[in-house]
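Trainee: I would like to take a close look at one part of this protein, namely its interior, and to follow it outward from there. Could you walk me through it slowly?

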Amino acid sequence: MGIPEQLADRMSMAEQHEYLHSRFSRRTMIRGGAVTMGAVVGGAFLPGVSAQAAGRSVATAPASAAEKVDGALVAPFGRHLAYGADARTEMTVSWQVPVAVRKPYIRIGAHPWDLSRKIEAEVRTLFTPAGVGASGDHTQYYLHAELSRLRPGRTYYYGVGHEGFDPANPRLAGTIGTFTTAPAHAEPFTFTAFGDQGVSYHGLANDSLILAQGPAFHLHAGDIAYADPSGMGKKEDTGFDSRVWDQFLAQTESVAKQVPWMVSYGNHDMEAWYSPNGYGGEEARWRLPGNGPDKKNLPGVYTFVHGNTAVISLDANDISFEIPANLGISGGTQTTWLETQLKKYRAAQGIDFVVVFFHHCAYCTSTAHASEGGVRQEWVPLFEKYTVDLVINGHNHVYERTDVLKGNKVAKELPIGGTAYPETDGVVYVTAGAAGRSLYAFSADESYEGHVKENDAVSSFVCLADGGREKETVAWSRVRYLDYSFLRVDVAPAAKGRFATLTVRGVAETGEEVDRFTVARRVRSTG
């Protein structure tokens, strides 16, 4: 049972939080408001069915003077979007406020001058007490509005606000944002990807370049903000600073306020102080599709479809031999779910490509983490069985791309500019972990577009179940680039009787292309 409506209307977020804490328990639920909306027809909204969304209060914050701040003096920040389970009709808008405010909401409309639809936001309050790293009694207020019954392929305008701060006010027109839902049918689009960004000048530079690509969505393959610099998923790690998230979301807002920023969780995202699995803080900050196998233990596992491309986000912490804080947390359900999704998508009409992204690398020769044996053992056989078109990883702070692989061996060499055919050749793996954090190293020379150095004997290692490392010498390391970069993927549906294609490019922070290859798949006849 939540807060009585007549009380909730008069209470700030901090007051609501204290009410629930005193009535129930330290880890209780804060009830949000109605967060569904009607479809748009001719610029007018049709009423939708309201649904209550429950948000978790991850830790109890003490009452403070913040609740008395005039809302007109508080501006929202850190806006970020995420697709719902149906990317054609569902979108979540999330944001942050620096102090408690009254009655947060979102306005949305078909035009920037007509934000007539007003929807109450869900509140997720995250309190980090003094003594947890460097944070020191820091309360963060995250707000989420989950929108449904949108129209496919439609651009919407929105503004976020609260009592005293109305985005419909002409003076605040500069705070209006936009988003576009996924199309109902296959059409060309671009998406971008990287991992391991954090807060830095290089992270900001990559964001600027990504925005210029005009992506439909962006994939962040784990290690998001680095509030926990240790990355071991342990409570005794002393370097944690929850305020880093404030900096990260402000840095990312230029892209994420208009491009769905779809995250998977890495080892630096396991913040052990908030919940046993380390994801309590992440659940406060992100509202992901929620259609994975285990929302309690694996909130970062989900899937969505954009046009002719299915995307699957996995949590490799569940199978990581190298960093075992969450090893085996799903009890095998994630791998079972993965196979179910792959089988479903390969049988689905209209889905040409399957892209999988997660943090720990299946194949990489960086001298830091190299390859994760747990991934090779659990998931690589499924990627090959269901001919996954592209696997994107982070973890190693480099750009590296393999040849086409099958059975841990080179099935086909894939030079820069080459084409892979997954149905017959095998799977291509890209490590795109140079988004902003300090760079790692390779054991062999770099080799990238315009600077190719062939090397079919690169020394590396695989992380094993016993915590050890097994040395290996590999021939599959085709492209190695050691500077800040990201991945751009252009998706083109098939012309009649031809191949659908993914054109994949590695793009440096300078804008220089360092890698390019194509994945092609013949479309099944619908006749």
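Trainee: How many residues does the largest nonpolar core have, and which of them have the most contacts inside it?

Mentor: Bear in mind throughout that this is a predicted model. The largest nonpolar core has 94 residues, and those with the most contacts inside it are F179, L219 and W286. Helix α4 gives the most to this core, with six residues. A second core, separate from that one, has 33 residues, and L342, Y363, L405 and W476 are among them.

To see what surrounds one of these central residues, take L219: leaving out residues up to four places away in sequence, L219 touches F191, T192, A193, F194, M262, F304, V311, F357 and I392.

Helix α4 itself deserves a careful description. The helix runs over residues 244–256, which makes 13 residues, and the distance from its first C-alpha to its last is 17 Å, close to the 18 Å expected at 1.5 Å a residue. Along the way α4 bends by about 30 degrees at A250. Because ten of its 13 residues are buried, α4 is largely enclosed by the rest of the structure. The buried positions are V244, W245, D246, F248, L249, Q251, T252, E253, V255 and A256, a list in which D246 and E253 stand beside W245 and F248.

Just before this helix in the chain comes a loop with an unusual backbone angle. D223 lies in the loop between β14 (217–221) and α4, and D223 has a positive phi of about 55 degrees although it is not a glycine. Most residues other than glycine have a negative phi. With a relative accessibility of 2%, under the 20% cut-off, D223 counts as buried. A second case is N408, in the loop between β22 (404–406) and β23 (409–412), where phi is near 65 degrees, again positive in a residue other than glycine; N408, however, has 41% relative accessibility and so counts as partly exposed.

One of the elements that meet α4 is helix α3. For the twelve residues of α3 (residues 201–212), 1.5 Å a residue gives an expected span of 16 Å, and the end C-alpha atoms are 17 Å apart, which agrees. In α3 the buried residues are G203, N206, D207, L209 and I210. These residues cover an arc of only 165 degrees around the axis, which puts them on the same side of α3, while Y201 and A212 are exposed on the other side. The buried residues of α3 pack against β13, β14, α4, β15 (261–264), β29 (485–492) and β30 (499–508).

Strand β13 is worth following further, since F189 lies in this strand, which covers residues 189–194. F189 has 8% relative accessibility and therefore counts as buried. F189 and D490 are 301 residues apart in sequence, yet their C-alpha atoms are 6.0 Å apart in space. Setting aside neighbours within four places in sequence, F189 is in contact with A216, F217, H306, N308, T309, V489, D490 and V491. Another such pair is L126, in strand β9 (residues 122–128), and G281, which are 155 residues apart in sequence and 6.9 Å apart in space, C-alpha to C-alpha; L126 is buried, with a relative accessible area of 0%.

Helix α6 brings us back to the second core, because L342 belongs to that core and is buried in this helix, together with Q334, T335, W337, L338, Q341, Y345 and R346. Seen down the axis of α6, the buried residues fall within an arc of 160 degrees, so they line one face of the helix. On the face turned away from that buried side are the exposed residues T336, K343 and A347. The partners against which the buried residues of α6 pack are β16 (302–306), β17 (309–313), β18 (353–357), α7 (373–378), α8 (380–385) and β31 (513–522).

As background for all of this, the protein has eight helices and 31 strands, and 59% of its 527 residues count as buried. Among contacts between residues at least 6 apart in sequence, 72% join residues at least 24 apart.

Finally, a word on confidence: the mean pLDDT is 89, and 86% of the residues reach 70 or more. Over residues 1–66, however, the pLDDT is below 50, although this stretch has 164 contacts in the model beyond near neighbours in sequence.

How values were computed: Residues numbered from 1 in each chain as written. Predicted model: local features only at pLDDT ≥ 70, side-chain atom pairs only at ≥ 80, totals over all residues. Heavy atoms only, no water. Helix = DSSP H or I, 4+ residues; strand = E, 2+ residues; numbered from the N terminus. Expected span 1.5 Å × (residues − 1). Bend = angle between axes of the 7 residues up to and from the residue. Buried < 20%, exposed > 50% of the residue type's maximum accessible area, 1.4 Å probe, protein only. Core = buried A, V, L, I, M, F, W, Y, C linked by side-chain atoms within 4.5 Å. Contact = heavy atoms within 4.5 Å. Arc of directions from axis to C-beta. pLDDT = per-residue confidence, 0-100.
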